[in-house]
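Visitor: Before we begin, could you bring up the model, so that I can put my questions with the chain in view?

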Amino acid sequence: MKSTIKTPFLKWFLLPLVIIFTVSAGFFIYQLFIRITPRTRRVITWIRNPQTHQDWSTEALSRCRESTPFLFPTAGYIGFLWNDSFRPGHRHQGIDIFTSESSGETPVYASFDGYLTRLPDWKSSLIIRVPRDPLHPQNQIWLYYTHLANIEGYSYIVDDFPAGVSDLFVKEGTLLGFQGNFSGTIGKPVGVHLHFSIVMDNGKNNFLNELNIQNTLDPSLYFDLPLNGKTNHGDSPVCQNQDSSP
Ligand SMILES: [Zn+2]
């Protein structure tokens, strides 16, 4: 007797609900975790065939305008922007510049005068202290560069800046190393690129944790490029009236 009541209930009410819930949950998970964004699609296109998209690329050591504070630190396509989200709860703290060359070939330069530090255990990273932020001179900021090593963690940072070096003055345009694909974990590479971010000072002459976007600055005005992923949904950011300088 009971089953004659239960079966129609299951069939006409509960089952459709379960199906709707499952489909909705699946779509939600797809959106959150494995959605290929237009930006990701363009990065894949660039990596597969950079030669046919050279107009997406920005030259190393260029500035968009004469008054632009920072030199562009390396050559390539700015594939991911500051404030892009790669997964739920994540916000990208910097910009990712993808080369058209292989790991270890594309030079990376200092964007601005400052004092270089490389912590003793940093294989692929360095940070440059800029005592006076060119946009807010009362603030000290730090310019962070990473992925300068190969898949095994062999460093591409030039010999002038060995691990452990601290507060060494470098001029803007100084060669720092080469773009690599080291992710931080040996054998698990990322696409060859430079990750560059502007990190805030902790008020005690040290940098805040770069992994938290709240501790970093929107680089747009420092390069005169639309580099905020939240507001730039469009194409690759390239200079409108680019003039090359030093
Ligand atoms: Zn990055």
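Visitor: Which strand is joined to strand 5 by three bridges and runs antiparallel to it, with residues 168-170?
Guide: Please keep in mind that this is a predicted model. Strand 5 covers residues 114-117, and its partner here runs antiparallel to it. Within this pairing, Gly114 stands opposite Val170, and the strand joined to strand 5 by three bridges is strand 8.

Visitor: Which residue of strand 6 stands opposite Leu116?
Guide: Strand 5 also pairs with strand 6, residues 126-130, in the antiparallel sense and over three bridges. Within strand 6, the residue that stands opposite Leu116 is Ile128.

Visitor: How many strands does the secondary structure of the protein come to?
Guide: Read from the N terminus on, the elements run α-α-β-β-β-β-β-β-β-β-β-β-β-α, with two helices ahead of the strands and one after them. The total for the protein is three helices, and the number of strands is eleven.

Visitor: Among contacts between residues at least 6 apart in sequence, what share joins residues at least 24 apart?
Guide: Leu176 gives a concrete picture of contacts in this chain, for, leaving aside its neighbours within four places in sequence, its contacts include Val108, Tyr109, Ala110 and Leu126. Tyr145, Ile157, Val158 and Phe161 are also among the contacts of Leu176. For the protein, among contacts between residues at least 6 apart, the share that joins residues at least 24 apart is 64%.

Visitor: How many residues does the largest nonpolar core have?
Guide: Buried residues make up 34% of the 246 residues in the protein. In the largest nonpolar core, the residues with the most contacts inside it are Ile95, Leu143, Tyr145 and Leu176, and the number of residues in that core is 44.

Visitor: Is Asn83 buried or exposed?
Guide: Asn83 is placed in the loop between strand 2 (76-80) and strand 3 (95-98), and it has a positive phi of about 80° although it is not a glycine. Most residues other than glycine have a negative phi. Because Asn83 has 20 C-beta neighbours inside 10 Å, and 20 or more are needed for the term, it counts as buried.

Visitor: And what of Asn205, is it buried or exposed?
Guide: Asn205, too, has a positive phi, of about 60°, although it is not a glycine. Its place is in the loop between strand 10 (193-200) and strand 11 (216-217). Because Asn205 has 10 C-beta neighbours inside 10 Å, and 12 or fewer is the limit for the term, it counts as exposed.

Note on methods. Residues are numbered from 1 along each chain as its sequence is written. This is a predicted model: local features need pLDDT of at least 70, side-chain atom pairs count only at pLDDT 80 or more; totals for chains, interfaces and linings use all residues. Helices (H or I, at least four residues) and strands (E, at least two) are DSSP runs, numbered from the N terminus. Two residues are in contact if their C-beta atoms, placed from the backbone, lie within 7 Å. A nonpolar core is a set of buried Ala, Val, Leu, Ile, Met, Phe, Trp, Tyr and Cys residues joined through C-beta atoms within 7 Å. Two strands pair if DSSP finds at least two bridges between them.
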